[in-house]
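Here are some short exercises to work through with the model open beside you. Try each task before reading its solution.

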Amino acid sequence: MNYFKEPDLNLLFASLKEKYIKKSKLTGTISIIPNEAEANKIGRFLGLNLKANTKNIIKITQIEIALKKSKFENLTILEILNYIYGNIVTKEQKEQTKEQINSKLLKELLATFANTSLCENIKENLKNPLYYKKVIYLLNNNKSLLYNIFKAIINLPTIKAEYINLSIFASQITNDPHYFDLETTNNREFLWFSSYYLNLEFANTRKRKLEILNMLGLYTDNVSNFVITYNFYGSVYLDYLAQNNEPVLLSLNNIEKLSNIYALNKKVIILENPSILNLIMLKKHRCAFIITSGNTNIACYKLLDKLNNHIFYYNGDYDPEGLLIADKLKRKYLNLNLIGYDNNLYIKAKSNKIISSSRLKKLNTITAEELQEIKENLLKTNNPGYQEKIVNELLAIISNLNDC
């Protein structure tokens, strides 16, 4: 048997090994480019006239015939390969083993979260190839991260109607306050899976990650989380800025320190786009204003929670995201009224842009009665509408609010 380990035969058996690993069987042909010594040695073994330094095509059957004519007639090619290289595992066998391992890991994962609200969500999302691929990758390469992510999703503060600092939340989940720090792989994966769970659009940008964190009920710090306000009273600096017709950026830190904040007539108008604020400031108002600049963040919610005995009014863009914000605010605050959500205004605000089918699916969760007409129109036309196109109409609605 040591004969087969002779150096000048190595090229032949290495080619056979490669063939077997790829195809899981030894049929067809192999090709080799031997040097002069290899051509002579392999040629004598096979009874063939091989050419040195050129490609030679050898049939597997020729090798089998050569074996039967030799003193090794009782050996198969595979037995010889296993003797030379040890037990060879083919690509097919590796794939089968990998599938078995992945199946076991998935069963363990689902068993771990079987009695949680997340289990059915995981099962459903595993039908998506991208989601499945990411889950399998993490199960094989960073299992603890995936488990911590799912544990975090189950305990998201937004589900419990709370707001928590990201570091404190990470510490509660993993005992490591920096585990989900913003500019880390852990944070990116956490927000990616959380977005799937809550049907949010994910983008690996700082701005979008901060937006998603807000929607999850998490914030990175008390300063960078802020909201644009106008015409609020209740402290020396708020009074001064309101009397001087100046807008104010209130951070979460500012809001938490305010013991008293109010609108002169106890009415607060919440708008999505800051571009309207300049026009509002041209006229004196008794109402106060909050500009969300898109998604309502934690600073906005904290501020609204402090405005006891106030009436809220909201208007945002006529698109899936805008309607979701409106619907969420309506469900959260019983003292909130939705304004400007009628078909005539939508037609005036409508653009030629097309809403993707994935975005339109978000409309399925809209429950507020006041939004149903706009929701149906969006589903029919696929065209969003924007506040900037109905500025005059919005200003008229604002002026018509009692003593505003």
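The exercises below deal with pockets and salt bridges.

The model is predicted, so local features need pLDDT of at least 70 and side-chain atom pairs count only at pLDDT 80 or more, while totals for chains, interfaces and linings use all residues. Residues are numbered from 1 along each chain as its sequence is written, and side-chain values use heavy atoms, with hydrogens and water left out.

**Exercise 1.** Find which helix supplies the largest share of the lining of the largest pocket.

*Solution.* Start with the term: on a 1 Å grid over the protein atoms alone, a pocket is an open set of points where a 1.4 Å probe fits, with protein on both sides within 12 Å along at least five of seven lines, and lining residues have an atom within 4 Å of a point.
Next, go to the centre of the largest pocket, where Leu200, Met215, Asn295, Leu324 and Lys328 lie nearest among 33 lining residues.
Then trace the helices (DSSP runs of H or I, at least four residues): α11 (206–215) and α16 (320–332) each give at least two lining residues.
The largest share, 6 residues, comes from α16.
The volume of this pocket is about 1,100 Å³, counted as the space filled by probe spheres set on the points.

**Exercise 2.** State where Glu201 and Lys362 lie in the chain, and whether each is buried or exposed to some degree.

*Solution.* First, the contact: Glu201 and Lys362 form a salt bridge with their closest N and O atoms 3.4 Å apart; the term needs a side-chain nitrogen of Lys or Arg within 4 Å of a carboxyl oxygen of Asp or Glu.
Second, the location: Glu201 sits in the loop between α10 (185–197) and α11, and Lys362 in the loop between α18 (357–360) and α19 (372–381), so the bridge ties together parts 161 residues apart in sequence.
Third, the accessibility (buried is under 20% relative accessible area, exposed over 50%, partly exposed in between, with a 1.4 Å probe and protein chains only): Glu201 is partly exposed at 35%, whereas Lys362 is buried at 6%.

**Exercise 3.** Work out what separates Lys123 from Glu120 along their helix.

*Solution.* Begin with the pair: the side chains of Lys123 and Glu120 form a salt bridge (3.5 Å, N to O).
Both belong to helix α6 (residues 119–125), and because they are 3 residues apart, about one helical turn separates them.
Finally, check the surface: Lys123 is partly exposed at 38%, and Glu120 is exposed at 54%.
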